[in-house]
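User: Please take me through this model by saying what each term rests on, since I am new to it. I would like each value set against its definition before anything is concluded.

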Amino acid sequence: MAEQTTLESLLEMGFGRNRAEKAVAFTGNQGIEQAMDWLMEHEEDPDIDEPYVPPVGNVLGLNADSQPPTEQPTMGETAEETTGEGSSNGDNASKKPLTEEEKLQQVKRLEDLMRVKQAERRQREHDEELEREKSRRKQGQELQQIRQKMQDDEMKKITELRTREKMEDKLARQRVKDRIARDREERAQKFGGGAQSAAAPPEPAQPSLTSPTSQGPPPSKKEYDESRIQVRLLDGTTITTVFKALEPLAAVRVYVQMNTPEDQDFTLLSPYPRRVYTELDMEKPLKELGLVPSAVLVVTKK
């Protein structure tokens, strides 16, 4: 299709002259389809409606280094030479004008072609948008997996730390229990042997059975070697267990700690008569503190 015919066809379809001239020039006057493709691709250009200024030495697609003809052909002559309707020896025969019906048919055909091109362009843009959306979703899933892995690793570290702390606390409690057990054995050996030796008085002389006025020794006080301790906790519940009379009060405190929530600081006291036990009392035996053969202790917050 000649340049003039392409330009006129674009103008017939409603394109502005500046746009039509640019489309013809930048496509090298290769036909209406190429010009329409260029217009659809560049319709958003900010300078699309500015007048077309051809480069120096170029006239609608001619190269700058090509030798221009001695005389510039007119638009009509170019159209005639391209379509083959002009004479072979350059006669000035005019192009046969199109009838109104032919013009309408040509415009309709071009409009149908343009609609097809636009539909293809929309479909291509839609496919590209789908691909971009798939890429975004894939990147989002990968990022979510990375975040989830980081959270899992962090939770694993926290769990391991808590497990280690609990194990260390359990070992510490076991060491306390072992130390109390050793102290209990040592005190039992120390106080038990001395009490036994001290409790063995010399045998009194046997009174004469024939003397009616003789009286026997007064009955000795019963010795208890165990103490039943009842402890009332902070929540109102009570726990009861039996300790050796020579065990220190610290054994009762450890027993209470094992039956109360962790990290709960408390004090032991005796309600009747009221007495708050100090750290010094924790090393004293239950017998020395008057908690034998039984006693009631109360747990209070410090």
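Analyst: A crossing of two helices is called left-handed if the near helix is turned anticlockwise from the far one by less than a right angle, and right-handed if it is turned clockwise. The model is a predicted one, in which local features need pLDDT of at least 70 and side-chain atom pairs count only at pLDDT 80 or more, while totals for chains, interfaces and linings use all residues. Residues are numbered from 1 along each chain as its sequence is written, and side-chain values use heavy atoms, with hydrogens and water left out.

User: How many helices and strands does the protein chain have, and what makes a stretch count as one?

Analyst: The protein chain has six helices and five strands. A helix is a DSSP run of H or I with at least four residues and a strand is a run of E with at least two, both numbered from the N terminus. Read from that end, the elements run α-α-α-α-α-β-β-α-β-β-β.

User: Which way does α2 pass α3, and at what angle do the two helices pack?

Analyst: The crossing of α2 past α3 is right-handed, and by the definition this is the term for the clockwise turn. Helix α2 (residues 17-26) and helix α3 (residues 32-41) pack at about 115 degrees, with their axes 9 Å apart; the axes are lines fitted to C-alpha atoms over the stretch in contact, and angles run from 0 to 180 degrees between N-to-C directions.

User: Which residues of α2 and α3 meet, and of what class are they?

Analyst: R19, K22, A23 and F26 in α2 meet A35, W38 and L39 in α3, where contact means heavy atoms within 4.5 Å. By class, this contact has five nonpolar, no polar and two charged residues. Nonpolar here covers Ala, Val, Leu, Ile, Met, Phe, Trp, Tyr, Cys and Pro, charged covers Asp, Glu, Lys and Arg, and the others, Gly among them, are polar, so R19 and K22 are the charged pair.

User: What makes R232 partly exposed?

Analyst: The relative accessible area of R232 is 38%. Buried means under 20%, exposed means over 50%, and partly exposed lies in between (1.4 Å probe, protein chains only), so 38% falls in the middle class. R232 lies in strand β1 and, not counting residues up to four places away in sequence, touches T237, T238, L297, V298 and V299. Of these, V298 is 66 residues away in sequence but 4.9 Å away in space, C-alpha to C-alpha.

User: Why is one group of residues called a nonpolar core, and which of its members touch the most others?

Analyst: The term is used for a set of buried Ala, Val, Leu, Ile, Met, Phe, Trp, Tyr and Cys residues joined through side-chain atoms within 4.5 Å. In the largest such core, of 22 residues, I229, V231, L249, V252, L268 and L291 touch the most other members. Two or more residues come from each of β1 (226-232), β2 (238-244), α6 (249-257), β3 (266-271) and β5 (294-301), and α6 gives the most, with six. Apart from this core lies another, of 17 residues, among them A20, A23, A35 and L113.

User: How do you know which strands pair, and what leaves β2 and β4 at the edges?

Analyst: Two strands pair if DSSP finds at least two bridges between them. Seven bridges join β1 to β2 in the antiparallel sense, whereas β1 and β5 are parallel over five bridges. Four bridges join β3 to β5 and three join β3 to β4, and both of these pairs run antiparallel. The counts therefore meet the definition of pairing. The result is an open sheet with the order β2-β1-β5-β3-β4 and mixed pairing. In it β2 and β4 (274-276) each have a single partner strand, so one side of each is left without a neighbour in the sheet.

User: How many residues of β3 are buried, and what lies between β3 and β4?

Analyst: Five of the six residues in β3 are buried, so this strand is mostly covered. β3 and β4 form a hairpin with two residues between them, in which S270 stands opposite R275. On the pairing with β5, T267 stands opposite T300 and L268 opposite V299.
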